[in-house]
Amino acid sequence: MSEDKATKTKQLPHITKIDIQQLILRGRVFLALIIVLTVFALLSPGFLNIANLIIMSKHVAIFAILGIGMTFVILSAGIDLSVGSIVGLSAMIAGGLINEGIQLPQFGVIIYPNAWMVIIITLLVGILMGAINGIVITRFKVAPFIATLGMLYIARGFAGLRNNGYTFSNIIGKSEFGNTGFDKLGASTFLGLDYSIWIMLVFGLVAYFVTTRLPFGRHVYALGGNRRAAALSGVRTNRTETIVYMISGLCSAMVGLIIASQLVAAHPATGDSFELTAIAAVVLGGTSLMGGRGSIGGTIIGAFVIGVLSDGLVILGFSTFLQNIIKGIVIVGAVVIDQIQIGMQERIALQRQELK
Amino acid sequence: MIKSSTVSNLSCPDTGVIMRTENITKVFPGTVALNQVNYKIYKGKINVLVGENGAGKSTLMKILVGNEQYTKGRVILEGEDIHVRSPQDARRHGISIIYQELDLCPNMSIAENIFLAREVVHNGIIDKKMQQHLAHELIQRLEHKINPSTLVGDLRIGAQQIVAIAKTLSQNAQILVMDEPTSALNTAEVKVLFRLIYELKSKGITIVYISHKLDEILQIGDCITVLRDGSIVAEEAVKNVDMHWIIEKMIGRKLEALFTHKERKIGKTLFRVEDITLPRVGGGYVVNHASFDLHKGEILGIYGLKGAGRSEMFECLIGANPRATGKIWLGDQDIGGYTTLKRIQAGLVLVPEDRKRDGLVVTLSVAHNMVLSSLKKYLDRFGLFLVSNNEKKAVNASIKELSIRVADPKNPVVSLSGGNQQKVVVAKCLLTNPKVLMLDEPTRGIDVGAKHEIFEIMEDLAEQGYGVLFVSSELKEILAMSDRILVMSKGTITGEFTREEANEANLIDALVLGNGLKNKNVNNKQEVHQ
């Protein structure tokens, strides 16, 4: 990328210093990623080899997918604290469906859905949890922070209740029940990349188009920017807001499935405090917590910054405590730069004006 | 940009200049807001500053009071160079401002707002009683009776303005800047304000008064400065000028007439409203069984004061208030039970009174605001994705049609002046292909030129067969623009007049009638029915 910039400058001599400044500012999250990668590559040889990059992307995918859902929520000026718990609940539901099936004692049968059905049912549960969040927020006028805080406890409670706090282990299914294959989601690759990375790419691409090209996406931005004006303009604000939380629930459930499949086990504490990492990725990506401003692309790069930082610090042997301190500084620092950038962009625009 | 300015040397010769700017230039993304401005403020006078929207008045004021930093130039207060970096700085120099968009905290009481950041403390603890008492005194000086512990958010805009004035009064300013102070006040409130301004002047306080209401300016001003396109084009003593002179200087050409009225063919009934009612929390009605109809190609004006229930009635009509009852027909369609979206789709749109609060999404660009209500029109043939070319075409057509002054539609909508922002809201409404257009105080806080353009747009729309319904608290506007006039007072429609019947006297009579009325039997209603 940095090469790209250099060649561009050579080919087009009329590009001024200001243009480059602005390019750097606009792509500052990307720049942060490049810096983080470079630093770790210098400190730890072999950091940039393909195998390691793929492993890191696999880790990043988890937070990027959660971040995508969270971006919708935050763009609408809301917040979703329940994503980590929904991840745990979804893992437990998927694990339970495979190991225990759907038991219907009144008919004396146990239905074992196949792996595809398990995935679909789990995703539907995720969407349902999101819908409950959305309905509580829109119909009963509960602040998103409170509503999803409640859901954080409730979903985590159900996750534990599902198997009395125990783990569903070895969730590979049995060929006599016809429900094998769930573990492939976490273990298989396509063109050398893990399924989870492909899922991140597909989710990211779809979300990108939804936010930029669908009326729904525009409605989310309007809702976050000025709710009253959006409503008077004919935006169905309650509906839009509910769907936003459903998207977040869907993303959470997807992550629950991926983790359960990767571990071939479902633990009720899966996804604990993931919501905070997801929020961090969104904020790092330049989305405003006030709503109405931000982008999916930023969130995915933000997730990469956090992921690369985590893995890099582990490889370098930093303690968990130090890792936390550094991550905290990076997150706050990113927002500080964001604020500085707003001022700088204005100045650059002014300089440009005077040049004319 | 502008040919050398035609500033005459005289003006207010008998007093000195208290404050002046020297070659102040301010550049914004997309525009040069001020270009080498030499502005003089005369001591102890009422200095009037006029100019069209986007001429740079508000920017100049923001620079004087430290809310914006200039790009180049100097500010000189009583012979000394000063650098006003913040409103606190300005206050230290004795400069205070009352903004057009009131900067009050709606979640706090009147007293708390007045003493915000200058709390009256006793041993480090806020002396609530003292604050309340002082606030009460200040408001009483403004001849108003509002309990200082009332939340500002619960007040109508007019009352909020009084609070804003009280707040600045309490700061003992030497120079007081008033940006459109009367834009939200009714006639009686304006009188009180003017008396107050004279009182301040007699105490030696210098006033800078920005307004679009030219009759007010002529009444109250001592010296007038005209800004156009970021430059000062004229400065004169007010006693030497008249309204034509001001308008000519402001728009740089002769204005034949502010209002346009052509004879139009008025068609059959398009929009009918019956018994619209909105109960008031705590008894009574905000909107009291209002019924009227609107014809194709007709401009129906609704005259009334602030708080008469006009805005609330519009909100009921657009479906934004779930407690409203009543019947609404658009054509043959009964839209009474529709959601806002369905009403818009049926052809009813609203240009709200408060642009920033209800009309615009300030985080979005000009273009995205314009297309917000009509996104369905720009989808591809599968009805899935927005096609940016379709959007661009619609946006550019609107910008041209309504002559919106914007450098790039991608700019944030807040970078536009008030009048152009208003046109963006109108454009948003028109892009939905409406049949009936409701405009709530469409000319609030915008300048003569933009007003004229808004009126022209209304006329054009009526001519094209739209039904236009508009609310105003300015008699002249209502009388000049309307084919028919309704008077609304205390939530009740108290009078209906045809264009021929209507005059200032009988409109005001109807207004007074409403103030004495408790129920809805209005006697003059049948006698004026067409």
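**Close-up 1. Helix α14 of chain B, length and burial, in a predicted model.** Helix α14 runs over residues 418–430 of chain B. Its 13 residues should span 18 Å at 1.5 Å a residue, because the expected span counts one residue less than the helix holds. The end C-alpha atoms of α14(B) lie 18 Å apart, so the two values agree. Cover is mostly complete here: 13 of the 13 residues of α14(B) are buried.

**Close-up 2. Helix α1 of chain B and the glycine that follows.** This helix covers residues 57–64 of chain B, and 8 of its 8 residues are buried. Among them are the lysines B:Lys57 and B:Lys62. B:Ser58 and B:Thr59 are buried too, as are B:Leu60, B:Met61, B:Ile63 and B:Leu64. After α1(B) comes B:Gly66, with a positive phi near 85°.

**Close-up 3. Domain 1 against domain 3 in chain B.** Chain B is divided into four domains: domain 1 (1–94 + 176–251), domain 2 (105–172), domain 3 (267–347 + 437–530) and domain 4 (354–433). Where domains 1 and 3 of chain B touch, domain 1 supplies 12 residues and domain 3 supplies 10 residues. On the domain 1 side, helix α8 (residues 243–251) of chain B gives the most, with 3 residues. That side of domain 1 has 5 nonpolar, 5 polar and 2 charged residues.

**Close-up 4. The contact between chains A and B.** Chain A brings 24 residues to this contact, and chain B brings 27 residues. On the chain A side, α9 (195–213), α10 (215–225), α11 (227–232) and α15 (320–355) each supply at least two residues. By class, the chain A side has 11 nonpolar, 6 polar and 7 charged residues.

Technical notes
Residues numbered from 1 in each chain as written. Chains lettered and ligands numbered in written order. Predicted model: local features only at pLDDT ≥ 70, side-chain atom pairs only at ≥ 80, totals over all residues. Domains from an automatic or database assignment. Contact = placed C-beta atoms within 7 Å. Helix = DSSP H or I, 4+ residues; strand = E, 2+ residues; numbered from the N terminus. Nonpolar A, V, L, I, M, F, W, Y, C, P; charged D, E, K, R; others polar. Buried ≥ 20, exposed ≤ 12 C-beta atoms within 10 Å, placed from the backbone.
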